[in-house]
Amino acid sequence: MQNAGSILDRLRRVIPAGVEPKFKNAAELMAWQREEGLKRADEVDKLNQQARAEKIFGRSGIQNLHRSCSFANYTVNGDGQRHALSMAKSYAQNFGTGFASFVFTGKPGTGKNHLSAAIGNYLLKQGRTVLIVTVPDLTLRARACYDEGRSEAALLDDLCKVDLLVLDEVGIQRDSRGEKVLLNQIIDRRLAAMRPVGVLTNLNYDALVETLGERVIDRLRMDNGIWVNFDWESYRGNVSHLRPVK
């Protein structure tokens, strides 16, 4: 307290006349220092989380193709897409008030990746940590742990620390027991820790239940988790990334 008091005395000597000091006493100064220390510790922890997420797959949480995806540049051509956009935007804006997960299901090219990346990009701007990863990439990473003689426990720990984990291409290897076990472990651990999971899949409800199991699907419904059907035709034929000729 004496140290804080001396700091406050020095501040008062250099503050211009007529300016009211922010701290009226040593106790207020110490309280401010504690608050700033906690804020800095939280910032460092977030940076460490993102660094771990990037280290897992050697890249940032969102692929280059989807770095520019936002809610504003999502194309809406009907009520279904308007509903999907509304649900995704609401999910992002309310993120952190609970641990609701989401499932986006539909044929390839219907915008599931765009809206999940829009959610991720929105959250990254809020200082959240996000990792979007395909299940085949995840399976390869887990297999590498075995090949290198390391436990996959560290991998699971890192996957459970990011604020939002989105699993893409769920069910692409439906007959793989290893995939089912790995996804069950990840989803169970994250939801037990009250950390949400996003699921992107081409499977319908029944097929997804068969792939993940009723218990996992039930857990994804916790805390009012959302399910959005992308039941329209692919839009990929309209996507172009050609640069203008100068």
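User: In this predicted model, what do the buried residues of helix 8 pack against?

Analyst: Quite a list: strand 1 (102-106), strand 3 (164-170), helix 7 (177-192), strand 4 (197-201), helix 9 (214-220) and strand 5 (226-230). The buried residues of helix 8 (residues 205-212) are Ala207, Leu208, Val209, Thr211 and Leu212.

User: What makes helix 7 and helix 8 roughly perpendicular?

Analyst: Their axes cross at roughly 90 degrees and come within 9 Å. The perpendicular class takes angles of 65 to 115 degrees, so helix 7 and helix 8 count as roughly perpendicular to each other. As for who touches whom, Lys180, Leu183 and Asn184 in helix 7 meet Glu210, Thr211 and Leu212 in helix 8.

User: And what happens at the start of helix 8 and just after it?

Analyst: At the start, a side-chain oxygen of Asn204 gets to within 3.3 Å of the backbone nitrogen of Asp206. Just past helix 8 sits Gly213, with a positive phi of about 100 degrees.

User: Why is helix 3 called roughly parallel to helix 4?

Analyst: Look at the angle: the axes of helix 3 (residues 79-93) and helix 4 cross at roughly 25 degrees, coming within 9 Å. Angles under 35 degrees go down as roughly parallel, so that label fits helix 3 and helix 4. The crossing of these two helices is right-handed. On the helix 3 side, Ala84, Leu85, Ala88, Tyr91, Ala92 and Gln93 take part, meeting Leu115, Ile119, Tyr122 and Leu123 of helix 4.

User: How do you know that Asn121 is buried?

Analyst: Its relative accessibility comes to 12%, and buried means under 20%, so Asn121 qualifies. You'll find Asn121 in helix 4 (residues 112-125).

User: Which residues is Asn121 in contact with, leaving aside neighbours within four places in sequence?

Analyst: Ile62, His66, Arg67, Ser68 and Cys69. With Arg67 there's a polar pair: a polar atom of the Asn121 side chain lies 3.3 Å from the backbone oxygen of Arg67. The limit for a polar contact is 3.5 Å, so the 3.3 Å distance fits inside it.

User: Why do Cys69 and Cys160 count as buried?

Analyst: Same test as before, under 20%. Cys69 has 9% relative accessibility, so Cys69 counts as buried. Cys160 has a relative accessible area of 10%, so Cys160 is buried too.

User: How many disulfides are there?

Analyst: Zero. A disulfide needs a pair of cysteine sulfur atoms within 2.5 Å, and by that rule the count comes to zero.

Terms used
Residues are numbered from 1 along each chain as its sequence is written. This is a predicted model: local features need pLDDT of at least 70, side-chain atom pairs count only at pLDDT 80 or more; totals for chains, interfaces and linings use all residues. Side-chain values use heavy atoms; hydrogens and water are left out. Buried means under 20% relative accessible area, exposed over 50%, partly exposed in between (1.4 Å probe, protein chains only). Helices (H or I, at least four residues) and strands (E, at least two) are DSSP runs, numbered from the N terminus. A polar contact is a pair of N or O atoms within 3.5 Å; within protein, one must be able to donate a hydrogen and the other to accept it, and residues adjacent in sequence count only if both atoms are side-chain atoms. Contact means heavy atoms within 4.5 Å. Axes are lines fitted to C-alpha atoms, for helices over the stretch in contact, and angles run from 0 to 180 degrees between N-to-C directions. Angles under 35 degrees count as roughly parallel, over 145 as roughly antiparallel, 65 to 115 as roughly perpendicular and the rest as oblique. A crossing is left-handed if the near helix is turned anticlockwise from the far one by less than a right angle, and right-handed if clockwise.
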